[in-house]
Amino acid sequence: MKIECKCGNYIVDQTDMVRNKAILIADQDWFDFLESVEETGHDDRELSRTLYECDECGRLYIYDQNGSLKCFSPEDESHNINILASMEGDNWKRSLFGGWWKASSAIRTQKGYVECEGEDTYESTEWLEIKEVYFEMFERLKNENRLRSALLRKDGEDIHFWKYNKDA
Ligand SMILES: [Zn+2]
């Protein structure tokens, strides 16, 4: 998904937990939405819509009830870029991924990387380095209570998996 903003910037939505994206539930639908989560254990996506903020100019893009994209421009220049980001600020719970592959395949330009939103991506061809950096980052983010899930894979095999549990 890619929106070309009126300012020339591109708004790209290719991963989860996008900083300049939010889910909109109409107040008139709010109780139906809560009931669907309670009853089925998952949300009723038909009640939700997506909105995006442009990183450059602060314009908001909202899908209307018919799926048509509408643009709203900020009234003044002191608008708050990142207005759709987490209420937790930089403490939102993110996902950590580490992966390493034995042979270089056409889709991978490097043999291993550790990736987490808001952190520098680490690349290495050495499995032991990938593993070390992954667990360093894992311990740090977990201790800071800023982690939702973590996955480490070695040549397609899951080596380590962890998921946040609020009751634990
Ligand atoms: Zn823009």
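**Around helix α2**

Visitor: Helix α2 has 17 residues, so what should it span at 1.5 Å a residue?
Guide: A helix here is a DSSP run of H or I with at least four residues, a strand is an E run of at least two, and both are numbered from the N terminus. The expected span is 1.5 Å times one less than the number of residues. The end C-alpha atoms of α2 are 24 Å apart, which agrees with the expected 24 Å.

Visitor: What pLDDT do local features need in this model?
Guide: Residues are numbered from 1 along each chain as its sequence is written. The model is predicted, with totals for chains, interfaces and linings using all residues, side-chain atom pairs counting only at pLDDT 80 or more, and local features needing pLDDT of at least 70.

Visitor: Which residues of α2 are buried?
Guide: Buried means 20 or more other C-beta atoms within 10 Å of a residue's own; exposed means 12 or fewer, partly exposed in between, with C-beta atoms placed from the backbone. On the face turned away from the buried side, Leu-128, Glu-136, Glu-139 and Asn-143 are exposed. The buried ones in α2 are Ile-130, Tyr-134, Met-137 and Leu-141.

Visitor: Why are they on the same side of α2?
Guide: The arc is taken from the directions from the helix axis to the C-beta atoms. They sit on the same side because their arc is only 75°.

Visitor: Which strands do the buried residues of α2 pack against?
Guide: Contact means C-beta atoms, placed from the backbone, within 7 Å. Val-114, for one, touches Ile-130, Tyr-134 and Met-137, among others. The strands packed against are β7, β8 and β10.

Conventions
Two residues are in contact if their C-beta atoms, placed from the backbone, lie within 7 Å. Lists of a residue's contacts leave out its neighbours within four places in sequence.
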